[in-house]
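New to this one? Have a look at the structure below, and then we'll walk through a few of its features together.

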Amino acid sequence: MTAIQTIGLEYVYADGTQALSGVNFEARAGEKVAVLGPNGSGKTTLFYHFNGLIMPAKGEVRIFGENINKTDIDEVRRRVGLVFQESDNQLFAPSVFEDIAFGPRNLRLSHDEVKKRVSYVLHRFDIEAIGKKNPANLSAGQKKRVAIAGVVAMEPDVLVLDEPTSGMDAGGINDTLGILEELNNEGKTIIISTHDSDLAASWADRIYILNKGKVFRSGIPKHIFSDEKLISEAGLRQPVIVQTYREFRARGISKGEVPLSVLDFMESMENIKVMNIRCAIAGCDLKTGDKVSLEIRDGMLVADKGSDGVTGIAMFNGNKGEDIAVKDVVGNLQHHEGKITVIRVPAVIEGGSRAADMEKIYGFLDKNKKQKIGAMGTSAKALMNKMELKCDFEFDVIQSAMLAALRGLDVMVFASGGMADRVVEKVKERKLNCRGFNI
Ligand SMILES: Nc1ncnc2c1ncn2[C@@H]1O[C@H](COP(=O)(O)OP(=O)(O)OP(=O)(O)O)[C@@H](O)[C@H]1O
Ligand SMILES: [Mg+2]
């Protein structure tokens, strides 16, 4: 099903600026779509059409198949939530709490439901401490968090966010992307605009590039970013991972499809022996020319004297614990992969962390104290807090877990509700060792 569609959409501002010239756009229900394009290319103007802030003068906008001109505008705004590029255009109430409560109250929800939603987003966006402040007195990044929280609290079917991460710190970006991931997993359609090619490449299911009010190109990230000429003609930057890959490929080190994540990039180099030299930590004092056996311990490659398993030759003297180089490596280190254990934490609607069997979790943890821990989604993160467990990965958890496993570390991923199935599916796609448990 199509969530939002525009057909031949045109828009001219009062001063005669032609901002959109025949835009055909489509976001299917449940998709994550990123719109890229230089300043002034029409992203904001297009987004204003998605919830009826600007009505189409020429062409058509359809919301879940219905022509927006023929749909009740309150219904459109209930289904499509828009976060403005400039937070000052969005925030107006005397306190952060009131601002976030405004939308849900407008939906005529009960007092308790409004309160519940507001406390949820205050917690989720880590803005509880500023709940009583006047939004006008917040920093730019804080304003953005509040503006996004306000729209999330309305629980629309489609979230449209105009440059959601610009001006945010790392924690804000992680919180925002984390919650968008969770909402998308619940079936919501997410549309963002961004100037961040790295983000678009790793995040989006589909990308639209706008240029001078027209769709310059649309497609899946892999196709878009493998076309170097297209990216430069569109006035965009290549993701850093793609630039690095091209350099590696030119030197004969990488091969295959353009990678869009660190994990893909590592795979582009698989089985290619660069110079057959590995960096390792000396497990004991070593001398130049010593035959060593290599092993991954706690994610580090360690060289000890010996001739078992994967072997190599120490290239220079090294004391125990120091970095050394090993040449003529024979054997495959791949079989030292760690395993990934996925623990499904009941989703918030299933009772959340309160419904989790703590004894069972402590049982899992005791068995392997050295493992890394990741948490995805609200109830899993709440459980981590409750158990006072330190999370090693809170963002990009699936990829981080797989990279750690490839380095030989065991990983335990706590994932909320349906997100757990996604993790297991993704890990198995890469043929890594993975088990899933309910708690
Ligand atoms: N209120 C307005 N009146 C006149 N022209 C406008 C108005 N708002 C935007 N424009 C013009 O419309 C065009 C598209 O602007 P828009 O804000 O949609 O671009 P954008 O892609 O969102 O850019 P940015 O990356 O800077 O946010 C630009 O040429 C801009 O100057
Ligand atoms: Mg804009």
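## How two domains meet

The C-alpha centres of domain 1 and domain 3 sit 30 Å apart. Keep in mind that this is a predicted model. The domain assignment splits the protein chain into domain 1 (2–233), domain 2 (277–335) and domain 3 (337–438).

So what does the contact between domain 1 and domain 3 take from each side? It takes 7 residues from domain 1 and 8 residues from domain 3. Together they bury about 790 Å², with carbon and sulfur atoms giving 51% of that area. On the domain 1 side, Asn174, Glu182 and Asn185 lose the most area to domain 3, and together they make up 51% of what that side buries.

As for polar links, there are 5 residue pairs in polar contact between the two domains, and the rule finds 1 salt bridge across the interface. Both α4 (111–124) and α6 (170–185) supply at least two residues each to the side of domain 1 that touches domain 3. Of the elements there, α6 gives the most, with 5 residues.

## The magnesium site

Now for the magnesium ion (ligand 2): its protein donors are Thr44 and Gln85, lying 2.0 to 2.2 Å from the ion. This pair links distant parts of the chain, 41 residues apart. Here they are side by side:

| Donor | Where it sits | Relative accessible area |
|---|---|---|
| Thr44 (OG1) | helix α1 (residues 43–50) | 22%, partly exposed |
| Gln85 (OE1) | loop between β6 (80–83) and α3 (96–106) | 27%, partly exposed |

Key. Residues numbered from 1 in each chain as written. Chains lettered and ligands numbered in written order. Predicted model: local features only at pLDDT ≥ 70, side-chain atom pairs only at ≥ 80, totals over all residues. Heavy atoms only, no water. Donors = N, O, S within 2.8 Å, 3.2 Å for Na, K, Ca; no water. Helix = DSSP H or I, 4+ residues; strand = E, 2+ residues; numbered from the N terminus. Buried < 20%, exposed > 50% of the residue type's maximum accessible area, 1.4 Å probe, protein only. Domains from an automatic or database assignment. Contact = heavy atoms within 4.5 Å. Buried area = accessible area lost by both parts, 1.4 Å probe. Salt bridge = Lys/Arg side-chain N within 4 Å of Asp/Glu carboxyl O. Polar contact = N/O pair within 3.5 Å; in protein donor to acceptor, adjacent residues only side chain to side chain.
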